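Welcome! Here is a short briefing to help you find your way around a structure that is new to you. Take a look at the sequence and the model, then read on.

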Amino acid sequence: MTHKTLVAGVAVDTRHWIGGERVASADTFTDVSPVDGTELAEIARGGPAEAAAAVAAAKAAFPGWAATPRAERARVLHAIADGVEKRLEDLAIVETTDNGALLRSHRRGVMPRVAHNFRFFADWLLTLEHEDFETRGHTNHVTWDPAGPCVLITPWNAPLMLATWKVAPALAAGDTVVLKPAEWSPLTASLLADIAAEAGLPAGVLNVVQGLGAEIGDALTSHPDVRRISFTGSVPTARRITASAADNLTPVSLELGGKSPLLVFADADLDLAVDLAVEQYDNAGQVCLAATRLLVEETVAEEFTRRFVDKAARLTQGDPRDEATDIGPNIHERQLEKIDGFVQRAVAAGARAVTGGFRLDGQYYAPTLLTDVAQDSEIVQEEVFGPVLTLQTFTDEDEAVRLANDTRFGLAATLATGDRARADRVTERLVAGTVWVNCFFVRDLKAPFGGSRHSGVGREGGTWSFDFYCDLKNTVTAP
Ligand code: NAD
């Protein structure tokens, strides 16, 4: 039986990658394309045995990789980035076929960013230095020691982007990795294993295991040899992972969901505000950072809504491989049912769909804007993870801040205002890991990234990533 499947003309190995070898499982699961429902591949369905084998491989490879000089680790990471760039077109088409996000974004934004993830953390590693300091004539010298095998668990909405945002700093830090991609988008992680091997990453330094959630996940996160767990995904899974990691006191980094606000003040450039709002439909609304709650100052709400509906109507929805498409499909039938359930319950509770509010043919959902929503309602409080926005109005800054902060999340917030002083005042009062003022989604890997409250635990990016993936050591030397 062959374990290579052709996906959009690209050969993808459907087995795990453990200790530098392809490993099959007795069972498989079916990977389906959200674009047209095609069954793409039968993927190895790992469980506790595969989890144990992958952690053992990562543990065995750890001393060698940790002892590899920084410059050599950085060289290998750059070679992986070269490989990503060489196979950019393959990665882009496979990712689009697998998760339904736009091909043009994968080609021009996401996959170049994947390569950049490796280059950035390779270069950052070489600049990582703490200044020595003195205590009563003794010197303090702080070093970042590699921590050990890491388990990295990632979601389907930006599969390779989010995986490499963890893999790159972990490898740069000198750690070894077991990556578990989401079962709805398992393919590009397998291609990454090929690319890393070709780039000369030693066997066992990066392992990729496939499987269904807890079936393999519990064995990974409860393993005593795992030194770090970094997870991006939903709050319920985060709770379970944290509980599973507790026995071994394994440090956990959590990047979770959001219900972020976009605050539009009357002094804003209204066209810019509308552009920012419509941008929240990107990736069919499957973006953790999406500002799904539009909070608009009452005096401009009517005009804002009119312009918003006009602009939203001009979005092209359809096949994500088509250059003209703005919004592709949602990932899975189950996700569509969930999205529609949120919308129908909101409407039953009195919300009004100004635009959208229904499913389209195939796996598509009409971009939706709901008004007349109560602050304590499910649609305002819970993450939908689809192209569904709500609009509420406010009369002054205090009310805007109160509404903005009144959910259990704290991932991001976006402000549209023409008044700098107001932007400063409001920003200071917002609970959010990232605040964008008159812009959205501008991200620098140097910046700390993460959320407050139920949006996450910890920060990644730049030195913050190394703080997480390393054991910090202070050496005090007598004069
Ligand atoms: P999910 O929690 O269902 O799954 C995420 C991953 O966890 C998958 O790989 C899954 O197989 C795995 N998993 C499930 N149960 C597990 C267990 N018990 N042990 C170990 N692993 C387990 O999330 P999802 O539906 O794939 O992703 C959507 C969520 O991710 C949304 O809430 C979204 O906001 C969030 N997200 C957050 C960020 C961020 O950076 N903050 C980025 C993207 C997505």
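**A helix and its cover**

In helix α9, the buried residues are A273, V274, L276, A277 and V278. Among the elements that cover these buried residues are β14 (261–264), β15, α10 (298–313) and β19 (412–416). Please keep in mind that this is a predicted model. The points below go from the whole protein to its domains, then to the ligand, and finally to a few single residues.

**The protein as a whole**

- The protein contains 15 helices and 22 strands.
- Its radius of gyration is 23 Å, close to the 23 Å that the globule rule gives for 479 residues, so the protein is as compact as a globular protein of that length.
- Measured out along the principal axes is one way to picture a chain; here the C-alpha trace spans about 70 × 65 × 40 Å.- Of the 479 residues in the protein, 52% are buried.
- Looking at contacts between residues at least 6 apart in sequence, 71% join residues at least 24 apart.
- A UniProt annotation from an unreviewed entry, "domain: Aldehyde dehydrogenase", covers residues 27–474.
- Over residues 27–474, the chain is 43% helix and 19% strand, and the C-alpha atoms at the two ends are 48 Å apart.

**Two domains**

- The protein is divided into domain 1 (4–256 + 455–474) and domain 2 (261–437).
- Taken over C-alpha atoms, the centres of domain 1 and domain 2 are separated by 31 Å.
- Where the domains touch, domain 1 contributes 13 residues to the contact and domain 2 contributes 18 residues.
- On the domain 1 side of this contact, α3 (88–99) and α4 (103–127) each supply at least two residues.
- That side of domain 1 divides into 7 nonpolar, 5 polar and 1 charged residues.

**Around the ligand**

- Where does the ligand lie with respect to domain 1 and domain 2? Both domains give residues to the shell around the ligand, so the ligand lies between them.
- There are 30 residues around the ligand, and P155, G217, G233, T237 and C288 come nearest.
- The elements that give two or more residues to this shell are α7 (214–221) and α8 (235–246).
- Helix α7 gives the most to the shell, with 4 residues.
- By type, the residues of the shell divide into 11 nonpolar, 13 polar and 6 charged.

**Two alanines with positive phi**

- Most residues other than glycine have a negative phi.
- A8 has a positive phi, near 50°.
- This residue, A8, is found in the loop between β1 (4–7) and β2 (10–13).
- A8 counts as buried because it has 20 C-beta neighbours inside 10 Å, and the cut-off for a buried residue is 20 or more.
- A284 has a positive phi too, near 55°.
- The loop that holds A284 runs between α9 (270–278) and β15 (293–297).
- A284 is buried, with 29 other C-beta atoms within 10 Å.

**Two residues toward the end of the numbering given here**

- F466 is found in helix α15 (residues 462–469).
- Is F466 buried or exposed? With 21 C-beta neighbours inside 10 Å, F466 counts as buried.
- Leaving aside neighbours within four places in sequence, F466 is in contact with L128, W144, P169 and A173.
- F466 and G174 are 292 residues apart along the chain, and their C-alpha atoms are separated by 9.9 Å.
- V476 has its place in strand β22 (residues 470–477).
- V476 is exposed, since 9 other C-beta atoms lie within 10 Å of its own, and a residue counts as exposed at 12 or fewer.
- Which residues does V476 touch, not counting those up to four places away in sequence? They are T135, H138 and N140.
- T135 and V476 are 341 residues apart along the chain, and their C-alpha atoms are separated by 8.6 Å.

How values were computed:
Residues are numbered from 1 along each chain as its sequence is written. This is a predicted model: local features need pLDDT of at least 70, side-chain atom pairs count only at pLDDT 80 or more; totals for chains, interfaces and linings use all residues. A residue is near a molecule or strand if its C-beta atom, placed from the backbone, lies within 6 Å of it. Ala, Val, Leu, Ile, Met, Phe, Trp, Tyr, Cys and Pro count as nonpolar, Asp, Glu, Lys and Arg as charged, and the others, Gly among them, as polar. Domain bounds come from an automatic or database domain assignment. Two residues are in contact if their C-beta atoms, placed from the backbone, lie within 7 Å. The radius of gyration is taken over C-alpha atoms; the globule rule is 2.2 Å times the number of residues to the power 0.38. UniProt positions are given in the numbering used here, feature names are shortened, and annotations may be inferred rather than shown by experiment.
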